[in-house]
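Please read the following alongside the sequence and the coordinates. The text moves through strands, loops and enclosed spaces in turn.

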Amino acid sequence: MSETTGASYAAAGVDIEAGDRAVELMKEWVKKTQRPEVLGGLGGFAGLFDASALKRYERPLLASATDGVGTKVDVARQMGVYDTIGHDLVAMVMDDIVVCGAEPLFMTDYICVGKVHPERVAAIVKGIAEGCVLAGCALVGGETAEHPGLLGEDDFDVAGAGTGVVEADRLLGPDRIRKGDAVIAMAASGLHSNGYSLVRHVLLNQAGLALDTRIDELGRTLGEELLEPTKIYSLDCLALTRTTDVHAYSHVTGGGLAANLARVIPDHLHATVDRTTWTPAPIFDLVGRTGQVERLELEKTLNMGVGMIAIVPEESTDAALATLADRGVDAWVAGEITDRGDHTTGAELVGDYAG
């Protein structure tokens with residue numbers, strides 16, 4: 001009489017043991033992100049954060065955000081580099097939170113894979129943990145999900161959610177902005193984590209460039225350029241808020257500089273940003289030139305070298321620039337706030353890029 005073997009989770013493609021191994025490998029990195037308010041360790045059903053720490057606030061407002069890193073994950077997959085994409089994830093989440101003046105508190109992540117390779121998952125979490133340290137927040141938990149049949153064995157995606165806190169009377173935003181305020185630009189570290197569908201289409205598909213191709217104008221391989229981690233501005237913005245009278249921030253992500261800046265400009269005012277105040281990094285010209293992408297399309301898709309905007313009173317400009325310089329942030333006055341007048345949008349770019 002022959003024996004029959006019933007269906008199993010493993011036979012369906014899910015390796016529980018590999019998942020357990022991944023958790024063990026990532027624990028040391030998660031531990032590095034701990035803040036005093038975090039209770040318990042990795043492995044529980046929920047991350048715990050001691051909210052009594054908020055008692056020092058008169059009226060604490062919780063700020064939350066969630067995001068991913070888009071198709072940049074495919075570049076990481078092709079290059080077999082998994083320990084930088086987490087920086088991108090933290091930046092996309094926590095730099096949204098700091099825009100309102102909130103201090104990042106904690107974050108959770110979600111990693112979806114076709115097949116759990118413990119070392120790869122641990123490398124992704126390592127990057128997330130390192131990013132959390134740079135943002136000043138704790139990584140209190142996450143989830144790794146294996147989706148065989150839906151994703152290829154090497155395919156993966158990441159997402160995250162974060163929480164911060166700000167005192168109600170210190171909330172930043174449109175209500176604080178005044179005519180005459182200065183627009184301060186903070187340099188991006190590269191493409192950051194937006195527009196990669198266009199970048200990959202132009203450089204990899206149309207031009208047929210290989211990721212290991214060295215590009216002289218970039219000074220490194222194409223893959224190294226495309227995987228440059230997103231700058232995390234959270235602690236820089238908090239320091240700036242403590243030392244100067246910041247009215248608003250704008251995180252330059254999908255949609256480009258003008259569209260994201262317009263999100264924080266009140267209806268009666270207008271932000272003018274002067275392109276002549278900076279020169280975008282060579283990668284932006286490479287994408288535009290190679291794909292014959294019009295400047296307006298580039299600016300609607302990519303950050304063009306500016307990752308964060310601060311809006312401050314004109315008299316606070318020198319102090320703001322000094323604070324950012326002390327923290328190693330390349331920043332400059334890029335524009336000003338004026339009356340809306342006949343302008344149909346809240347922000348626009350004028351002039352031609354320097355260089």
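In this predicted model, strand S11 (residues 269–274) and strand S14 run parallel and are joined by 4 bridges. One residue pair fixes the register: Thr 272 has Glu 348 of S14 as its bridge partner. Strand S14 covers residues 347–350, and its two faces differ in cover. Ala 347 and Leu 349 make up the covered face, whereas Glu 348 and Val 350 lie on the uncovered one. The bridge partner of Thr 272, Glu 348, thus belongs to the uncovered face of the strand.

A second parallel pair is formed by strand S4 (residues 103–113) and S5, with 8 bridges between them. Here Met 107 is matched with Leu 139 in S5. Both strands belong to an open sheet of 4 strands, whose order is S3-S6-S4-S5 and whose pairing is mixed. At the edges of this sheet are strand S3 (60–68) and strand S5 (138–146), each of which pairs on one side only. From one strand to the next, the twist averages 15°.

The loop between S3 and helix H2 (72–79) holds Val 69. Is this residue buried or exposed? Val 69 counts as buried because its relative accessibility is 1%, and the limit for buried is under 20%. Beyond its neighbours within four places in sequence, Val 69 is in contact with Ile 85, Asp 88, Leu 89, Met 92, Val 158 and Ser 193. Asn 194 is 125 residues away from Val 69 in sequence, yet the two C-alpha atoms are 7.3 Å apart.

Two other loop residues draw attention through their backbone angles. His 192 is in the loop between strand S7 (182–187) and helix H5 (196–206). Its phi is positive, about 60°, although His 192 is not a glycine. His 192 is also buried, with a relative accessible area of 2%. Met 304 likewise has a positive phi, near 60°, and is a residue other than glycine. The loop that contains Met 304 runs between helix H10 (295–301) and strand S12 (306–312). With a relative accessible area of 5%, Met 304 is buried.

How many cavities of 30 Å³ or more does a search of the whole structure find? The search finds 1. The largest cavity holds about 70 Å³ of space. Its lining includes Tyr 82, Val 113, Lys 115 and His 117, together with Arg 120, Val 121 and Ile 124. Glu 153, Asp 154, Asp 155 and Phe 156 also line this cavity. Helix H4 (residues 118–135) gives the most to the lining, with 3 residues. By residue class, the lining divides into 5 nonpolar, 1 polar and 5 charged.

The second largest pocket has a volume of about 260 Å³. It is lined by 14 residues, and Asp 96, Val 99, His 251, Asn 260 and Arg 263 are the closest to its centre. Helix H3 (85–97) and strand S10 (248–251) are the elements that give two or more residues to this lining. Of the elements, S10 gives the most, with 3 residues. The lining of this pocket divides into 5 nonpolar, 6 polar and 3 charged residues.

Note on methods: Residues numbered from 1 in each chain as written. Predicted model: local features only at pLDDT ≥ 70, side-chain atom pairs only at ≥ 80, totals over all residues. Heavy atoms only, no water. 1 Å grid on protein atoms, 1.4 Å probe; cavity = no way out; pocket = protein on both sides within 12 Å on 5 of 7 lines; lining within 4 Å. Points joined across faces, edges and corners; volume = space filled by probe spheres on them. Nonpolar A, V, L, I, M, F, W, Y, C, P; charged D, E, K, R; others polar. Buried < 20%, exposed > 50% of the residue type's maximum accessible area, 1.4 Å probe, protein only. Pairing = 2+ DSSP bridges. Axes fitted to C-alpha atoms, helices over the stretch in contact; angles between N-to-C directions. Contact = heavy atoms within 4.5 Å.
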